[in-house]
Amino acid sequence: MKTSSRRRAAIIGGGVIGGGWAARFLLNGWDVAVFDPDPEAERKVREVLANARRSLPALYDILLPAEGQLSFHAQLAECVSNAIWIQESVPERLDMKHRILAELQTYADDNAIIASSTSGFKASELNAQGANAIVAHPFNPVYLLPLVELVGDATLTTQAADILHSIGMFPLTVRKEIDAHIADRLLEAVWRESLWLVSDGIATTEEIDDAIRMGFGLRWAQMGLFETYRIAGGESGMRHFMEQFGPALEWPWTKLMDVPDFTPELVDLIVEQSDAQSGHLPIRDLERQRDDNLIGLLRALKKSGHGAGTVLNTHEKTLIPQNASDASAQPIGGSEGAISSPLVSLPVTFSCQIPNTWTDYNGHMNETHYVEAASRATDRFMELIGADAAYIASGKSFFTVESHVRYLDEARADETLTVRTQVLPTQGKKLHLFHHLSTDADKPVATVETLLLHMDLESRRSCPPESVVAERLATFATAQAQLMMPEGFGRAVGQKP
């Protein structure tokens, strides 16, 4: 029997966190094995995976690796066999974790990393009965939020960090063991204060959520706490902020050292207010709303290069574009004159899963983003002919002077959008491209015809391209000159506009 060459992760516990871990590994090309005695575990994991499939790929402007194989196992030993990453995500009970980790230590391969999703226990507590595990504490939804807090043996956490980077996550190694690590201690402070505000009748759950999402929550997403306060100090920065607001720390503003009595009455009050706030929506609908909003925020951060956007940009650079390895060497592909499908023969210059943020009120991709996709395809084609970042830094580039879009069919969120680029007859300073946009099953959805001029960035005047760029462009143009496109794309390639 042929075995998979993909790396294998084992997920122990298929709840919200375990399902998120499974999705994160699976959509990054890993095979994933799941163990959970709950008879509903497979359904729950597959529902989490369905949300992940519509959201995680939408963060990237390039396709993720081919999805791995998902399997469910009744035996723990079978589940962890050949796994190089084992993620324990069972309930937050130390006795249960000790029992599971002892079994994992018995069955796991010697080189496997055993990690726990615990939100509060220290690594030394987890390993008190002989296990050799680390803490790898993620945040929900695991398939979208990049942060993972790592605690434990330095060699193991270093190895773990490399793997987590490879699946687009942000490992944060906690330098000293502490209950609840870093992030949950901050959350605990806000949670305690919020419970007091509700208990004392000062605010409802919705009013507290409004205070966060309409104010400081938006700032924290891009700059965190200290950088936000640095700006609040004005031109004098953090020192002025500390001098101005430091004394307020001695004022009796907080009840953080106390906890309100967790009485049935307080629980009922919070549940009642939470139900009034969003109880009319199913949890899965709320999850999809959350994911869609996170996609928008993360894509904005990706564009600016701030916060979690840096993680996405770094990970995206490690992904391999379709046709990237051979597009420049063989712009047409196939044997001489034997091209049965001209469209497929053109180089793929852009491909991504259409994010929900690209669609409009009709559920279709908005016309703005057809041009955006074509623009990214133009950038990729420029790289293929040598007009890359280094070329631009040397003072030369192509500028778009005209574009013409023809809409042929609908494109929807979650479909894979692929752009293939044809060079139209061109010479001298001009670059004339014809982008063919299609979705799943090569359904034509649009064409974008783009005319560019080669420019000297210092004089801001048009000029002929450097010889190496001109030669590569000529190679593409010559090879594609006789191609005819299939029906559905409006006109034959090579035909004059």
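In which sense do strand 6 and strand 7 pair, and over how many bridges? They pair in the antiparallel sense, over three bridges. The legends below start with an overview and then return to these strands. The model shown is predicted.

**Figure 1. The whole chain combines 17 helices and 14 strands.** The chain has 497 residues. Of these, 44% count as buried. Along its principal axes, the C-alpha trace spans about 80 × 65 × 45 Å.

**Figure 2. Strand 6 pairs with strand 5 and with strand 7.** Strand 6 covers residues 134–137. Strand 5 covers residues 113–116, and its pairing with strand 6 is parallel, over two bridges. Look for A115: its bridge partner in strand 6 is I134. Strand 7 covers residues 147–151, and its pairing with strand 6 is antiparallel. Here A136 stands opposite L150 of strand 7.

**Figure 3. The residues of strand 6 point two ways.** I134 and A136 point one way from the strand. V135 and H137 point the other way. Are these four residues buried or exposed? All are buried.

**Figure 4. A cis peptide bond sits between N140 and P141.** Its omega is near 0 degrees. Where is P141? P141 lies in the loop between strand 6 and strand 7.

**Figure 5. R43 and E47 form a salt bridge within helix 2.** Their closest N and O atoms are 3.1 Å apart. Helix 2 runs over residues 41–55. The two residues are four apart in it, about one turn of the helix. R43 has 40% relative accessibility, so it counts as partly exposed. E47 is also partly exposed, at 29%. This pair is one of 27 salt bridges counted in the model.

**Figure 6. K302 and E316 link two helices.** Their side chains meet in a salt bridge, 3.2 Å from N to O. K302 lies in helix 12 (residues 283–304), while E316 lies in helix 13 (residues 309–318), so the pair ties together parts that are 14 residues apart in sequence. Are K302 and E316 buried or exposed? Both are buried.

**Figure 7. E372 and R376 form a salt bridge in helix 15.** The distance from N to O is 3.1 Å. Helix 15 spans residues 367–384. Its two partners here are four residues apart, about one turn of the helix. E372 is partly exposed, at 23% relative accessibility. R376 is partly exposed too, at 30%. Which residues are joined with E372 and R376 into one network by salt bridges that share partners? They are D61, R299, K302 and E316. The pair from Figure 6 therefore belongs to this network too.

**Figure 8. Negative charges gather in a patch on the surface.** The patch holds E265, D268, E272 and D275. Find D275 in helix 11, which covers residues 264–278. D275 has a relative accessible area of 47%. Why does D275 count as partly exposed rather than exposed? Exposed means over 50%, and buried means under 20%, so a value of 47% falls in between.

**Figure 9. Nonpolar side chains form a surface patch.** Its members are V190, W220, L225, F226 and Y229. Together they have about 460 Å² of accessible area. F226 is found in helix 9, residues 226–232. F226 is exposed, with a relative accessible area of 61%.

**Figure 10. F245 belongs to helix 10.** This helix covers residues 237–245. F245 is partly exposed, at 39% relative accessibility. Now compare its place with that of G233. The two residues are 12 apart along the chain, and their C-alpha atoms are separated by 9.5 Å.

**Figure 11. A180 has a positive phi value.** The angle is near 70 degrees, and A180 is not a glycine. Which loop holds A180? It is the loop between strand 8 (170–173) and helix 7 (183–199). A180 is buried, with a relative accessible area of 18%.

**Figure 12. D414 also has a positive phi, though it is not a glycine.** Its phi is about 85 degrees. D414 is found in the loop between strand 10 (396–407) and strand 11 (416–423). At 37% relative accessibility, D414 counts as partly exposed.

Note on methods: Residues numbered from 1 in each chain as written. Heavy atoms only, no water. Buried < 20%, exposed > 50% of the residue type's maximum accessible area, 1.4 Å probe, protein only. Pairing = 2+ DSSP bridges. Patch = residues over 30% accessible without salt bridge, like charges linked within 9 Å, V, L, I, M, F, W, Y side chains within 5 Å. Areas by Shrake-Rupley, 256 points an atom, 1.4 Å probe, with all protein chains shown as cover. Salt bridge = Lys/Arg side-chain N within 4 Å of Asp/Glu carboxyl O. Lys, Arg positive; Asp, Glu negative; His and termini not counted. Charge placed at Lys NZ, Arg CZ, Asp CG, Glu CD.
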